[in-house]
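Subject: Structure handover

Hello,

Here is the structure I promised to pass on. Please open it beside this email and follow along. My notes come after it.

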Amino acid sequence: MEEGPLVRRRRLGGELKRCREAAGLTQEAVSRHFEWHAAKVTRIETARVAVTPRDVRDLLTFYGVRDPAYRASLTELAGRGRDRAWWSEYRDVMRSNFIGLEAEATGMLCWEPVVVPGLLQTESYMRAVIRATLPSEPREALERRIALRLRRQARLTGHQPLGLRTIIDESVLHRVVEDDDTTAGQLVRLRDAAALPNVTVRILPSAAGLHQLMPGAATILEYAGPQARDILYLESFTDTCVDRPAVVARFRAAFDELSGRALDERRSVDLIDNLIKG
């Protein structure tokens, strides 16, 4: 899968940070030199803003980086990092960079203790969930959120589909959402999604007891390519994305431990099937 603009910006930011640190410079010193806002260097290095090719050339010169091939590769990254992605038209209903990061991921590990993961939701189920979590959302914005989520689901099919491994708490299957028809339709959708070759659905039974991931939903986004760093996304009122390797590794270990307690794929589908049949 070709890198998208957000992943390119993350890779560029990481390289610029490495060059700055090799030059023994602080972010504050760089900002003062260029008479930039104090936070600009931080935002560049964390991919929160796009950086121009000219700024990249100036930064590399200040950092003492002279290798022409390396300078050219980072300058090209800066130019391509400003490309518009399909999801940019939905920025008005995006709470974080998660959608862009998801769009460019190759794999995903998803733990869901409350609702069915968004990529596996039916339209009626997601409408009920969004209404419940954002009760004051205007109708037009709600419909745009639904359109965005439906478009995201295209990652599971077609060319180079996203690899999704998900563990869902058993309580999610029993939670009535909107009405019985919506709940039943969602169960069917979940069973059908589990049949996709790139999707794994595992159910964590109530008998599994207490575990490390009880605090809430969390996802690891996985990437391929040079210098790629996986990201841990923690869903809450203030959505948080973390790419520190030690933190991501800790969650991955907790996810793997939880996988050992979850029902295997066949038994998970059997449980869903039994609920569908009533």
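**Overall picture**

The secondary structure of the protein chain comes to twelve helices and six strands. Please keep in mind that this is a predicted model. Along the principal axes, the C-alpha atoms fill a box of roughly 70 × 40 × 35 Å. The chain has 278 residues, and 48% of them are buried. Take the contacts between residues at least 6 apart in sequence: 73% of these join residues at least 24 apart.

**The sheet**

Start with the strands. Six of them form an open sheet with mixed pairing. Their order is E3-E2-E1-E4-E5-E6. Which strands stand at the edges? They are E3 (199–204) and E6 (240–242). Each has a single partner strand, so one side of each is left without a neighbour in the sheet. On average, neighbouring strands are turned by 15 degrees against each other, direction ignored.

Now go through the pairs.

- E2 (residues 163–169) and E3 pair in the parallel sense, over six bridges. Thr166 stands opposite Val201 of E3 here.
- E1 (residues 107–112) and E2 also run parallel, joined by six bridges. Look for Glu112, which stands opposite Ile168 in E2.
- E1 and E4 (residues 218–222) run antiparallel, with five bridges between them. Cys110 has Thr219 of E4 as its bridge partner. Trp111 stands opposite Ala218, again in E4.
- E4 and E5 (residues 231–234) run antiparallel and are joined by four bridges. In this pair, Ile220 stands opposite Leu232 of E5.

How covered are these strands? E1 is mostly covered, with six of its six residues buried. Gly107, Leu109 and Trp111 point one way from the strand. Met108, Cys110 and Glu112 point the other way. Both sets are buried. In E4, four of the five residues are buried, so the strand is largely enclosed by the rest of the structure.

**Helix H10**

Next, find helix H10 (residues 180–193). What span should its 14 residues have at 1.5 Å a residue? The expected value is 20 Å. The end C-alpha atoms are 20 Å apart, which agrees.

Six residues of H10 to click on are Thr182, Thr183, Gln186, Leu187, Leu190 and Ala193, which are buried. Seen down the helix axis, the buried residues fall within an arc of 140 degrees, so they line one face of H10. On the other side, Asp180 and Asp181 are exposed.

What covers the buried residues of H10? The cover includes three helices: H7 (123–133), H9 (170–174) and H12 (265–277). It also includes strands E2 and E3. That ties the helix to the sheet pair described above, where E2 and E3 run parallel.

Look at the start of H10 as well. A side-chain oxygen of Asp179 reaches to within 3.1 Å of the backbone nitrogen of Asp181. Asp181 is one of the exposed residues named above.

**Helix H12**

Two residues here deserve a stop on your tour. Ser268 sits in helix H12. Is it buried or exposed? Ser268 has 0% relative accessibility, so it counts as buried. Leave aside residues up to four places away in sequence, and Ser268 touches Val201, Arg202, Ile203 and Leu263. Val201 has come up already: it is the residue of E3 that Thr166 stands opposite.

Asp273 is also found in H12. Its relative accessible area is 18%. The cut-off for buried is under 20%, so Asp273 is buried. Now compare its place with that of Ala22. The two residues are 251 apart along the chain. Their C-alpha atoms are separated by 57 Å.

**Where to look**

For a quick route through the model, try this order:

1. Trace the open sheet from E3 to E6.
2. Stop at E1 and check its two sets of buried side chains.
3. Turn to H10 and view it down its axis to see the buried face.
4. Finish in H12 with Ser268 and Asp273.

Best wishes

Conventions. Residues are numbered from 1 along each chain as its sequence is written. This is a predicted model: local features need pLDDT of at least 70, side-chain atom pairs count only at pLDDT 80 or more; totals for chains, interfaces and linings use all residues. Side-chain values use heavy atoms; hydrogens and water are left out. Two strands pair if DSSP finds at least two bridges between them. Axes are lines fitted to C-alpha atoms, for helices over the stretch in contact, and angles run from 0 to 180 degrees between N-to-C directions. The expected span of a helix is 1.5 Å times one less than its number of residues. Buried means under 20% relative accessible area, exposed over 50%, partly exposed in between (1.4 Å probe, protein chains only). The arc is that of the directions from the helix axis to the C-beta atoms. Contact means heavy atoms within 4.5 Å. A polar contact is a pair of N or O atoms within 3.5 Å; within protein, one must be able to donate a hydrogen and the other to accept it, and residues adjacent in sequence count only if both atoms are side-chain atoms.
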